[in-house]
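Colleague: I would be grateful for a close look at the surface and the aromatic side chains of this chain, with the criteria stated as you use them.

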Amino acid sequence: MAGDSPKDPNPPIAPAWAKGRGDDGATVIAVGLLLLGLWAIFTAARAVDGGMQAHAYVFFIAALAGGFALAGQVQKRTPLDQATYEMGVVKAGVAASVFWGIAGFLVGVVIAAQLAFPSLLYFENIPATSFGRLRPLHTSAVIFAFGGNVLLATSFYVVQRTCRARLWGGLAPWFVFWGYNLFIVVAATGYLMGITQSKEYAEPEWYADLWLTIVWVVYLLVFLGTILKRKEPHIYVANWFYLAFIVTIAMLHIVNNLAMPVSFFGSKSYPLFAGVQDALTQWWYGHNAVGFFLTAGFLAIMYYFIPKKAERPVYSYRLSIIHFWALIFIYIWAGPHHLHYTALPEWAQTLGMTFSIMLWMPSWGGMINGLMTLSGAWDKLRTDPVLRMMVVSVAFYGMSTFEGPLMSVRAVNSLSHYTDWTIGHVHSGALGWVGYVSFGALYCLTPWLWKRQELYSKQLVEWHFWISTLGILLYITSMWVSGIMQGLMWRAYNEFGFLEYSFVETVEAMHPYYIIRMVGGLLFLVGALIMAYNLWRTARGDVRTSEFAGEARGALAAAE
């Protein structure tokens with residue numbers, strides 16, 4: 001497939017295999033789709049439970065659709081043009097990111113409403129509407145569906161631009177995109193059917209995990225292959241962060257999901273580890289999923305899009321390299337702080353706490369590097385709401401990476417753990433850091449990809465920014481108050497040595513804060529809907545003429 005971007009002014013020299021029509025990987029993908037389709041038919045026929053049979057049909061439909069799409073591509077016989085960038089898959093990633101983001105935020109609002117009003121949108125005869133099934137749907141949708149597609153789209157864009165080379169692998173990037181989104185569909189429908197491993201951030205069952213492993217290995221090959229054939233001798237720091245994210249997530253995913261299926265035709269499996277070993281493996285995975293998926297990957301976005309939007313170089317390239325190596329060496333050890341006051345040996349808990357506190361240094365080094373990149377360009381924050389959104393995301397990154405190590409200290413953790421304080425902390429990072437830097441990247445990519453001079457409306461970006469910022473502040477402050485109140489009520493004793501409050505009394509006390517949290521989430525969703533409308537109009541090529549006419553009149557008056 002030929003890229004749809006302008007010709008690279010310094011096009012790479014096409015190797016021998018890429019001349020003529022070229023080897024675009026269609027044969028390998030065709031064989032893979034055939035094997036997937038045969039496995040799906042065989043499994044559907046012999047499935048021992050309804051969930052496995054339903055997912056076998058999903059895989060079969062996906063293999064069939066992929067086969068038709070591949071046949072159409074082969075029939076076109078489009079030459080593989082190494083002198084153009086592959087931007088079609090980036091466009092698809094932008095669209096998927098917006099779709100999954102709104103879906104995930106919507107489910108988040110629903111379950112927030114269910115916590116405030118438990119009978120809301122709950123139907124006894126429809127288990128899929130229960131909080132227990134919708135909650136993992138929400139977390140996976142916002143982290144892996146929304147966040148994952150943002151990382152796919154931005155990584156494919158950035159690695160091409162900074163390496164001055166087309167994505168390696170011909171059609172392989174498209175296999176990664178569709179294969180990853182197939183995994184999202186299988187995981188999401190599985191949660192609604194009650195198919196789960198019951199592991200935080202790792203709920204999909206064994207067959208979905210195997211499929212994701214295949215897709216992720218191809219993703220790594222595409223990214224590495226692009227770097228290896230680069231024309232630019234230097235590897236830009238954003239690519240180091242993307243590469244660390246891809247490699248480490250692969251390692252975490254494989255080890256944490258080692259399991260033995262009860263039947264190769266059933267959805268249920270049992271993990272390889274048990275007891276405290278399983279807990280340690282899970283939170284080694286869980287914390288580093290936050291560290292490398294939700295931190296390293298999005299730091300790569302920060303290191304490319306903020307300098308690009310501010311039209312300034314990175315404040316300190318040396319600091320960015322120190323930030324990278326310190327972060328990846330320290331983060332991997334911090335997981336045991338999730339297991340304070342458990343059966344895990346105390347030395348292991350202390351190890352996790354110590355490395356968590358050490359994370360303050362590289363995290364704040366990265367935050368300072370991101371903020372100081374605006375040196376000489378701070379005035380742009382008044383006129384560019386997209387840049388303002390990305391800078392605020394870096395501020396949230398600094399705040400949440402201060403709060404996280406603080407909460408890992410055993411004395412603080414005794415109050416915070418199992419309370420809503422943790423929920424507030426997670427969402428200050430998820431909404432403020434990951435959400436805002438993702439929105440900023442999407443606002444940048446849409447006019448670049450669709451070749452538009454500007455976004456449809458800057459005023460709508462302003463509305464998005466202020467509405468969602470209010471939503472985030474309502475969300476995290478309500479959870480901070482609720483969580484600290486919870487912890488204090490749980491540990492309160494009367495003069496006779498009995499608990500002062502029953503558990504039901506603590507739940508009753510939290511009710512108003514749950515309503516505030518629901519309102520905050522709703523505002524964040526409204527902001528995302530405004531963004532989706534703005535990006536759609538931008539892609540269409542629409543211009544809000546009244547807005548730009550007003551800007552022109554203002555500029556003319558200033559000149560006079």
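Modeller: Aromatic rings of Phe, Tyr and Trp (its six-membered ring) pair if their centres lie within 6.5 Å; planes under 30 degrees apart are stacked, over 60 edge-to-face, the rest tilted. The model is predicted: local features need pLDDT of at least 70, side-chain atom pairs pLDDT 80 or more, while totals for chains, interfaces and linings use all residues. Numbering runs from 1 along each chain as its sequence is written, and side-chain values use heavy atoms, without hydrogens or water.

By this criterion, F144, F156, Y180, F183, W216, Y219, F245 and F293 join in one aromatic cluster. Across the whole structure, the search returns 45 aromatic pairs. One of them is formed by F42 and F265, an edge-to-face arrangement with 5.6 Å between centres and 65° between planes. F42 belongs to helix 1 (residues 26-46), whereas F265 sits in the loop between strand 1 (259-261) and strand 2 (269-271), so that the pair links parts of the chain 223 residues apart (helices, H or I, at least four residues, and strands, E, at least two, are DSSP runs numbered from the N terminus). F42 is partly exposed because its relative accessibility is 49% (buried is under 20%, exposed over 50%, partly exposed in between; 1.4 Å probe, protein chains only).

At the surface, Y315, W364, I368, M372, W378, F402 and L406 make up a nonpolar patch of about 630 Å² (patch residues have over 30% relative accessible area and no salt bridge; like charges join within 9 Å, nonpolar side chains, Val, Leu, Ile, Met, Phe, Trp and Tyr, within 5 Å). Two elements, helix 11 (360-372) and helix 13 (385-408), each supply two or more residues to this nonpolar patch. Helix 11 contributes the most, namely three residues. L406 is located in helix 13, and because its relative accessible area is 31%, L406 counts as partly exposed.

Turning to charge, E495, E500, E505 and E508 form a negative surface patch. Within this patch, E495 is placed in the loop between helix 16 (458-490) and helix 17 (503-540). Its relative accessibility is 68%, and E495 is therefore classed as exposed. A positive surface patch consists of R161, K308, K451 and R452. R452 occupies the loop between helix 15 (420-449) and helix 16, and with a relative accessible area of 31% R452 is therefore partly exposed.

The loops also deserve attention for their backbone. Most residues other than glycine have a negative phi. L121, not a glycine, nevertheless has a positive phi of about 55°. L121 is found in the loop between helix 3 (88-116) and helix 4 (131-163), and is partly exposed because its relative accessibility is 44%. Y341, likewise a residue other than glycine, has a positive phi near 60°. The loop between helix 9 and helix 10 holds Y341, which is exposed because its relative accessible area is 53%.

P345 is placed in the loop between helix 9 (317-331) and helix 10 (346-358). Its relative accessibility is 38%, so P345 is partly exposed. The C-alpha atoms of P345 and V276 are separated by 9.3 Å, with the two residues 69 apart along the chain.

How values were computed
Accessible areas come from the Shrake-Rupley method with a 1.4 Å probe; for residues, only the protein chains shown count as cover. A salt bridge is a side-chain nitrogen of Lys or Arg within 4 Å of a carboxyl oxygen of Asp or Glu. Lys and Arg count as positive and Asp and Glu as negative; His and the chain ends are not counted. The place of a charge is taken as NZ of Lys, CZ of Arg, CG of Asp or CD of Glu.
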